[in-house]
Amino acid sequence: VYVPNGTFFKVVSDKPVQVEFLGSGSGEQLTTTFFTSATGGYVGREFILQGVQSLYLPGDFPGMIYRIYALEDSQVTVTDAAGKEISSQQIKANKFGQVSLAPLVVYRIASTGYIMVESFFLGWGWSPSGTCYYPSPKGGFLGKTFYGSGIDPGIHVETWASFPRPEFVLTSMTEAKITIVDIDAKRKYGDEQIGAVSNVTEHIKVGQMAIESDNPIMLMLRNFGMSYTGLAAGQDAYVYVPTDGVYTGEAYLFAYKDTTVTVDDVQSRLKADDYIPLTS
């Protein structure tokens, strides 16, 4: 389905579906995103998705850019739409596996245990490829635990003119103590502390990371491109929306049902399927 720029749209289906918003139909998409499972959340045992990354990347990026994070010991099998097995691997709890998928091809990822699936790409200056809010394995985007790809120190990330390197932004409504773990090296990478209603910016230079916090936080990878996040009813969060320098962009808040939302002490009532822009 081709959607004109500036269109606000809603997708409704009588059966579970996976919806991906692609910036190109050429099979050369380069993006960072998490995929939803067949049950709707970001954690599950079955994922149906279309490949969004190019198989052949320029420069020194190593490929294998789909990461599977296991929350428990899992046997993970990847098959294409014709039923051909692409990959089968055993992934231990709190470890990850990798797989290379062809662009614009539909795949099924089936696991005996709970997993999360992420595609990850950073680099080459102007490429719109990085912005991503990280979901928590506990559900939603506000949480105390996060898994995902960090900025691998062995990968060259181009910086042109005034364009800074990609970075992670952690935000919290309350004071929070953060521990960052390097999954590859099996050691602690570092500690951070966030003040109440503030954010911390960090270049997390590890290939695969786990983040633990003593209070709920949000985690965002800030680079170029489009992303989305969300809050459940009753949740309060300090949401970072890039509005400075080269990262200046637009943000919109969508209401699934009739909702009262308070943004920076201003209360608004939204009808179901309504939206409002979030000003800078």
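User: How many helices and strands does the chain have?

Analyst: Good place to start! In this predicted model, the chain has zero helices and 18 strands.

User: Why is S136 called buried?

Analyst: Buried means a relative accessible area under 20%. S136 has a value of 1%, so S136 is buried. You can find S136 in the loop between strand 8 (132-134) and strand 9 (143-149). Setting aside residues up to four places away in sequence, S136 touches F141, G143, T145 and F146.

User: What share of the chain is made up of buried residues?

Analyst: Buried residues account for 41% of the 280 residues in the chain.

User: Why does V239 count as partly exposed?

Analyst: Partly exposed is the range between the buried limit of 20% and the exposed limit of 50%. V239 has 33% relative accessibility, so V239 counts as partly exposed. Look for V239 in the loop between strand 14 (208-222) and strand 15 (252-254). Apart from neighbours within four places in sequence, V239 is in contact with Y133, M218 and T229.

User: What makes the pair D273 and K10 a salt bridge?

Analyst: The cut-off is a Lys or Arg side-chain nitrogen within 4 Å of a carboxyl oxygen of Asp or Glu. For D273 and K10, the N to O distance is 3.0 Å, and the two side chains meet in a salt bridge. This pair links distant parts of the chain, 263 residues apart: D273 is in the loop between strand 17 (266-270) and strand 18 (275-277), while K10 is in the segment before strand 1.

User: Why is K10 called exposed, and why is D273 called partly exposed?

Analyst: Exposed means over 50%. K10 has 53% relative accessibility, so K10 counts as exposed. D273 has a relative accessible area of 45%, so D273 is partly exposed.

User: How do you know that E46 and R108 form a salt bridge?

Analyst: Use the 4 Å cut-off again. The side chains of E46 and R108 meet at 2.8 Å, N to O, in a salt bridge. E46 lies in strand 2 (residues 44-50) and R108 in strand 7 (residues 106-119), so the pair ties together parts 62 residues apart in sequence. E46 has a relative accessible area of 29%, so E46 is partly exposed. R108 is partly exposed too, because its relative accessible area is 36%.

User: How many salt bridges does a search of the whole structure find?

Analyst: The search finds five salt bridges. Among them is K188 with D191, whose closest N and O atoms are 3.0 Å apart.

Note on methods
Residues are numbered from 1 along each chain as its sequence is written. This is a predicted model: local features need pLDDT of at least 70, side-chain atom pairs count only at pLDDT 80 or more; totals for chains, interfaces and linings use all residues. Side-chain values use heavy atoms; hydrogens and water are left out. Helices (H or I, at least four residues) and strands (E, at least two) are DSSP runs, numbered from the N terminus. Buried means under 20% relative accessible area, exposed over 50%, partly exposed in between (1.4 Å probe, protein chains only). Contact means heavy atoms within 4.5 Å.
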